[in-house]
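Please open the model in a viewer and keep the sequence panel visible beside it. The tour below proceeds by selections, each followed by a description of what is found there.

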Amino acid sequence: MKSDAVSPEVVIPKVVIPKVVVPKVVVPKVVVPKVVVPKVVVPKVVVPKVVVPKVVIPKVVIPKVVVPKVVVPKVVVRKPKIMYPGGCYIDDFACKDNGFCLESDRRCDGVVNCADSSDEADCGELCGDFSGEVQCSEL
């Protein structure tokens, strides 16, 4: 069957999309001011002249060293001694006050060895350094 019925016409409205206008962005020009750096003046440094004083080293005088003369004592080698009745050896001297015996080289040596000084009595004149080694009568 055929139907004569008319179907209504569907009208689809036309959609109009408006034009989007994007505004132009204007970026302002940045003006950087010119920086003026002032000239730095460095002062001239004056180094003073250094005067080094003259050093005078004194002359060192070393004194002369005097070495004293070494006197070696005289060594007396004696013969075997023989005692006589007083208790002293034959060539020894006996002090008069107490009989104390002295070796003969201690008599008339300029040094008192006996309490009564009998070892220095009747010696005659001593010569030299009074060491008893030389009597003037022996010269």
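Among contacts in the chain between residues at least 6 apart in sequence, what percentage join residues at least 24 apart? The value is 13%. The model on display is a predicted one, and this percentage, like the other values below, was computed from it.

**The whole chain**

Begin with the entire chain shown as a cartoon. The secondary structure consists of two strands and zero helices. Next, display the surface. About 14000 Å² of the chain is exposed, and 66% of that area is supplied by carbon and sulfur atoms. Of the 139 residues, 10% count as buried.

**The disulfides**

Select the cysteines and show their side chains as sticks. How many disulfides are there? The count is three, taking a pair of cysteine sulfur atoms within 2.5 Å as the criterion. In general terms, a disulfide is a covalent bond between the sulfur atoms of two cysteines.

Select C88 and C101 for the stop at one of these links. The two residues form a disulfide, with their sulfur atoms 1.7 Å apart. The link of C88 and C101 is left-handed, with -95 degrees about the S-S bond. C88 is located in the segment before β1 (93-94) and C101 in strand β2 (residues 101-102), so this pair ties together parts that are 13 residues apart in sequence. Are the two cysteines buried or exposed? C88 counts as buried because its relative accessibility is 2%, under the 20% limit. C101, in contrast, is partly exposed, with a relative accessible area of 29%.

Move next to C95 and C114. A disulfide joins these residues, with an S to S distance of 1.8 Å. C95 is in the loop between β1 and β2, whereas C114 is in the segment after β2; the pair, 19 residues apart, links distant parts of the chain. The angle about the S-S bond is -75 degrees, and the link of C95 and C114 is left-handed. C95 is buried at 3% relative accessibility, and C114 is buried at 4%.

Then select C108 and C123, which are joined by a disulfide with 1.9 Å from S to S. For C108 and C123, the angle about the S-S bond is -85 degrees and the link is left-handed. Both C108 and C123 lie in the segment after β2, so the pair ties together parts that are 15 residues apart in sequence. C108 is buried, with a relative accessible area of 2%, and C123 is buried as well, with 12%.

**Backbone angles in the segment after β2**

Keep C108 selected and turn to the backbone. What is the phi of C108? The angle is positive, about 60 degrees, although C108 is not a glycine. Most residues other than glycine have a negative phi.

From C108, go on to S117, which is also found in the segment after β2. The phi of S117 is near 60 degrees, again a positive value in a residue other than glycine. S117 is partly exposed, with a relative accessible area of 32%.

Now select A121, in the segment after β2, together with C108. The C-alpha atoms of A121 and C108 are separated by 7.5 Å, and the two residues are 13 residues apart along the chain. A121 counts as partly exposed at 29% relative accessibility.

**The buried acid D119**

Finally, centre the view on D119, located in the segment after β2. Which side chain of opposite charge is nearest to D119? The residue is R106, at 6.9 Å; D119 is buried yet has no salt bridge. A salt bridge would require a distance within 4 Å between a side-chain nitrogen of Lys or Arg and a carboxyl oxygen of Asp or Glu.

Show the backbone atoms of N113 and C114 around this acid. The backbone nitrogen of N113 lies 2.9 Å from a polar atom of the D119 side chain. For the backbone nitrogen of C114, the distance to a polar atom of the D119 side chain is 3.3 Å. C114 is also the disulfide partner of C95.

To complete the view, display the residues that D119 touches, not counting residues up to four places away in sequence. They are F93, L102, R106, R107, C108, V111, V112, N113 and C114.

Note on methods
Residues numbered from 1 in each chain as written. Predicted model: local features only at pLDDT ≥ 70, side-chain atom pairs only at ≥ 80, totals over all residues. Heavy atoms only, no water. Helix = DSSP H or I, 4+ residues; strand = E, 2+ residues; numbered from the N terminus. Buried < 20%, exposed > 50% of the residue type's maximum accessible area, 1.4 Å probe, protein only. Contact = heavy atoms within 4.5 Å. Areas by Shrake-Rupley, 256 points an atom, 1.4 Å probe, with all protein chains shown as cover. Lys, Arg positive; Asp, Glu negative; His and termini not counted. Polar contact = N/O pair within 3.5 Å; in protein donor to acceptor, adjacent residues only side chain to side chain.
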